[in-house]
Amino acid sequence: MNGAAAASAGRERRLEAVASYSLLVLAALYALFPIAWMLSTSFKSEAEALSLPVRWIPKQPTLSAYVEMWTLRPFGTYFYNSILVSGVTALLSTVVGALAGYGFSRFKFRFRTTLMAGFLATQMISGVLVIGPYFQILAAVELYNTLTGLIIAYVTICLPFAAWMSKGYFDSIPRELDEAGLVDGASRFQIFLRIIMPIALPGTVATLLFAFLLAWQDLLWALCLISIDEKRTVTLGVAFAVGEFVVKWPMLTAASLIGSLPTLILYLLLQRFYVEGLARGAVKG
Amino acid sequence: MSSGRAWHDRHLGYLFVLPATLMLVGVLVFPAFITLKLSVTPEGGSGWHFTLAHYQNAFRDPVLLQTFKNTFAFVAWSLVGHFTVGLGLALALNQALPGQTFFRLVALIPWTIPDVVAGIIFRWILNPIFGCLNPLIKIVIPSFPAEFQWLSSPTLAFPAVIFANVWRGYPLVMVMLLAGLMAIPRELYEAAAVDGAGRLKRFLHVTLPGLSTIILIALALDMVWEFRRFALVLAMTGGGPGTLTEVLSTLVYKTYFQFFTFEYASAMAILMSAVLFVLSLPYIVLVGREQ
């Protein structure tokens with residue numbers, strides 16, 4: 001490559017970087033703007049939120065909306081419920097999904113491909129298709145208005161992608177490791193637990209995160225399966241607060257923000273697993 | 001011994017897959033069949049009397065037809081938005097620039113916000129008097145009406161919901177495309193550059209072919225997710241004004257749990273699922289062939 005060509009290539013690269021940065025800054029503003037507006041409102045008094053002209057930054061920042069949210073409605077209970085439901089859902093669906101994924105990845109058995117296609121197809125089932133009968137079944141076995149009924153539903157919804165994602169991940173782990181374990185006299189289950197699962201940790205963490213988010217963010221199932229206040233989840237609490245406190249925007253935004261915080265923090269902590277797990281599991285080329 | 005191992009393994013395979021299969025059958029497949037049966041049961045009836053009346057009513061129901069149209073438009077425009085924003089950002093994030101991790105982190109944040117919260121935020125942003133969008137537009141277009149009612153406007157409520165949904169949903173498409181981009185070997189780009197291919201040519205002949213499968217998968221999955229999107233619409237407009245922003249999931253929910261016509265709701269849910277199934281068939285075949 002001669003000097004002129006190298007210089008033009010360098011200029012082209014600089015231009016590309018400038019274009020990329022402009023796009024990224026715009027995107028960051030786009031992604032953060034609604035959250036910033038929510039944050040700003042949550043630190044306003046009710047009077048300030050409903051005053052004109054609209055203020056971007058609160059003049060007299062106050063925590064009263066957060067205090068009010070916590071005292072007017074039992075958000076502590078909602079949080080406890082959501083953390084319990086989402087945590088158990090994440091653990092159970094990841095374990096059961098990983099078992100299935102390992103079965104699909106390492107064993108040949110009849111109906112294997114049919115079952116795998118079936119798992120894939122259940123991912124297409126919309127919640128509203130099954131919510132009516134599921135509601136009646138729960139009522140019949142006295143699990144209506146219980147967190148257990150909700151957990152069973154969430155775990156099941158998470159299972160197809162958990163199984164597929166971990167299967168993809170297990171496929172990328174050499175089978176020789178399993179065989180070495182067999183030679184050493186370990187059982188298939190011990191191999192799964194002690195050899196394969198530790199290697200598959202990034203994929204497992206990504207699945208955990210996915211399942212936790214799905215359970216935490218759901219509204220439909222909680223809305224249909226929970227009707228008493230002390231069993232409500234955070235999203236359900238927020239949804240009902242909207243109906244009750246129509247004009248209390250600082251309180252609504254405070255509740256919304258606090259309700260989004262756990263998944264946000266979890267994501268920030270685990271994000272390096274997320275892209276890698278997705279890349280090797282779901283998106284494996 | 002070796003045949004014993006094979007026999008053992010074949011049955012162990014079932015054992016590993018069994019718990020997940022049982023749960024899927026119990027919680028999704030079995031209730032789906034009950035819905036199917038309910039959809040051909042006369043209203044208030046039980047046992048083995050069958051009727052197609054609910055389906056006949058469904059095909060003549062103007063609200064349902066309107067809702068089908070809304071849902072198709074909602075899904076199509078959301079997909080366009082998610083793909084445009086997602087691909088643009090994935091391409092920008094795939095160049096090893098300093099600070100890239102920070103931007104990737106920020107770009108994914110809308111994904112961590114629950115749908116119901118997203119609906120509330122945008123309702124507040126679009127609030128005609130105290131929201132922040134109207135004053136912002138006023139700065140750019142001084143002639144813009146002062147208290148414009150976005151969410152009660154027959155023409156603009158629907159685009160407003162799409163706008164919110166593009167914000168809420170682009171991150172997952174972006175991250176899948178990004179993972180796909182990262183899987184394309186650098187050498188392919190270098191080889192193309194040596195051959196004198198410009199940026200556009202490299203994009204058309206290296207990036208797009210390398211990304212085509214993942215684009216199909218991302219769009220297919222996104223289609224399913226958008227078809228089911230529920231809480232965002234419910235929290236933002238509740239389906240209004242009138243039924244102009246109603247989507248199938250909110251309509252079926254209301255028919256079940258607010259109007260309590262279970263049989264008719266079942267028929268609607270079956271129709272919705274049939275359409276979704278047909279639309280996602282290419283995806284199932286595609287993934288099946290990959291295996």
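So, the nonpolar core: in this predicted model, the largest one has 161 residues. If you want to click on a few of them while I talk, the residues with the most contacts inside that core are Y154(A), L177(B) and V252(B).

Which helix gives the largest share of this core? That would be helix α7 of chain A, residues 147-171, with 16 residues. Both domains of chain A take part as well: domain 1 and domain 2 each supply at least three residues to the core.

Let me stay with L177(B) for a moment. Setting aside neighbours within four places in sequence, L177(B) is in contact with G86(B), L87(B) and A90(B). Its other partners on that basis are L211(B), I214(B), I215(B) and A218(B).

Now, the two chains. How many residues of chain A are in contact with chain B? The count is 80 on chain A, and they meet 75 residues of chain B. On the chain A side that touches chain B, 58 residues are nonpolar, 19 are polar and 3 are charged.

Last, back to the domains of chain A. Domain 1 runs over 3-42 and domain 2 over 64-280. Their C-alpha centres lie 34 Å apart. The contact between them takes 4 residues from domain 1 of chain A and 7 residues from domain 2 of chain A. On the domain 1 side, that divides into 2 nonpolar residues, 2 polar ones and no charged ones.

That's my tour, folks. Happy to go back to any of those residues on the screen.

How values were computed. Residues numbered from 1 in each chain as written. Chains lettered and ligands numbered in written order. Predicted model: local features only at pLDDT ≥ 70, side-chain atom pairs only at ≥ 80, totals over all residues. Domains from an automatic or database assignment. Contact = placed C-beta atoms within 7 Å. Nonpolar A, V, L, I, M, F, W, Y, C, P; charged D, E, K, R; others polar. Core = buried A, V, L, I, M, F, W, Y, C linked by C-beta atoms within 7 Å. Buried ≥ 20, exposed ≤ 12 C-beta atoms within 10 Å, placed from the backbone. Helix = DSSP H or I, 4+ residues; strand = E, 2+ residues; numbered from the N terminus.
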